[in-house]
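Visitor: Please take a close look at one part of this model, a single strand and what surrounds it.

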Amino acid sequence: MPDCDKVLLVQAELDGELGAAEAAALAAHRAQCPICEAAAAELAQARALMRDDLYQPVPEDMRRRVLTALAAAQPPRPGPPAATSGSFGRWRGWWSNSASFGLGAACAAALAFLLLVPAMPPGLTEQIVAGHVRALQPGHLQDVASEDRHTVKPWFDGRLDFAPPVKDLAAAHFPLTGGRLDYLNGRPVAALVYQRDKHVIDLFVWPAAGDTPPQTAERQGYNIVHWSQGGMNFWAVSDLEVAQLEEFVADWRNAP
Amino acid sequence: MADSLPSDTFEAVVLPHLDAAHNLARWLMRDAASAEDVLQEAMLRALTYFPSFKGVNPRGWLLQIVRNTAYASMSLNRGVELVPMTNASDEPDDAVSRLPSSDDDPETSLIKTRERDRVRRMIAALPIELRETLVLRELEELSYKEIAEVTRMPIGTVMSRLWRARRLLAQAARRDEAA
């Protein structure tokens, strides 16, 4: 232990834990205490060693493993606002059931309509909009910036446990601008970024069984279109007019 | 609907502190693999306990869970905590951290990396109760009160541990320079 009982106060001052009055009293003491002066020098020496690069943030691959384990352990949560994976899983189950019934086309369409109206899981839709809004903050939109799908697609290799389809829609006036990793519905997902004029379109992609036709929703002034095809779930979100966003979705679905 | 955006979910409240959780786990455990085990276990515990979390300091709450998990893991693997990380270059992530950053010439960057590894070894050689106090103060920048909460120690103990940690570190640096 230190030889002067004020030494810990010298340290507290270094750590910004002293009020102005205490600091003034300490300064008067220090002026005539060689022990405290020596302690101050030693503390400054130790402090100088503690540089920022000693901080050890979680490595990217470990972060992914942790998030994956958390997603697997995520309990189903009650209530519509917080319902995410649980209700979504049930909702997906409904779809595969309805598809396997083999109903006639007209009947299926009617049933689909009945299912569709309440079908968009509310928690997830909010997450999609929140993810989009978060990405619009400066510096968050894309991890890989490129108009070339041959650059964007390989970027996801090793960052996700699936390979998201990346399509070039420049000819349809929806140029690709890049992509990023996002975290939605309890799992890491791909986010592809497209543009129409000044409007940003986020297209979130992750694996899912079944094919569902596009459904449209609106939250907080953002339009959202959701569909599934080719083993993937797609959620497009933008502040574009709904007709234009539906045009984007149609172009995406028809593009090779 | 618009007012039901989830701002109180585990993702929004706890996940932003994943780096802090890893930093503490990494400094408490002797290698990257056991730090990952502790991190995984602590995050799963946090997910389980999250519904009952009512506090205002999610980072301190998470760090407390990480610390408890790490200590439980060390008492299962008795003796592990007594072995300091003597050689940082065993680390699988070391090759990456040794890559030069773009704003340094290779020589400067190599010197910086060596200096960082030298300090890392000196901190790793500190007794665990001093090391955790130092890391929580200097790297996580917690206040004395927050450190006292995370480590469940009186503030006076936090202050004297911090003082001993810093003095040992300064002494080690002087010895290192003399050698």
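Guide: What follows describes one strand of chain A, its partners and its surroundings.

This is a predicted model, in which local features need pLDDT of at least 70 and side-chain atom pairs count only at pLDDT 80 or more, while totals for chains, interfaces and linings use all residues. Residues are numbered from 1 along each chain as its sequence is written, chains are lettered from A and ligands numbered from 1 in the order in which they are written, and side-chain values use heavy atoms, with hydrogens and water left out.

The strand is S7 of chain A, residues 232–238. Helices (H or I, at least four residues) and strands (E, at least two) are DSSP runs, numbered from the N terminus. S7(A) belongs to an open sheet of seven strands, ordered S1-S2-S3-S4-S7-S6-S5, with antiparallel pairing. Two strands pair if DSSP finds at least two bridges between them. The edges of this sheet are strand S1 (144–145) and strand S5 (212–219) of chain A; each has a single partner strand, so one side of each lacks a neighbour in the sheet.

On one side, S7(A) pairs with S6(A), residues 222–229, in the antiparallel sense over seven bridges. Within this pairing, Asn223(A) stands opposite Ser238(A), and Ile224(A) has Val237(A) as its bridge partner. S6(A) and S7(A) form a hairpin with two residues between them. In the turn, Gly230(A) has a positive phi of about 55°.

S7(A) also pairs with S4(A), again antiparallel and over seven bridges. Here Val237(A) is the bridge partner of Asp202(A). Val237(A) thus appears in both pairings, with Asp202(A) and with Ile224(A).

In a regular strand the side chains alternate between the two faces of the sheet. From S7(A), Met232(A), Phe234(A), Ala236(A) and Ser238(A) point one way, and Asn233(A), Trp235(A) and Val237(A) the other way. Seven of the seven residues of S7(A) are buried, so the strand is largely enclosed by the rest of the structure. Buried means under 20% relative accessible area, exposed over 50%, and partly exposed in between (1.4 Å probe, protein chains only).

Helix H9 (residues 242–254) of chain A packs on the sheet. H9(A) touches S7(A), along with strand S3 (187–196), strand S4 (199–207), S5 and S6 of chain A; contact means heavy atoms within 4.5 Å. The direction of H9(A) makes about 20° with that of S6(A). Axes are lines fitted to C-alpha atoms, for helices over the stretch in contact, and angles run from 0 to 180 degrees between N-to-C directions.
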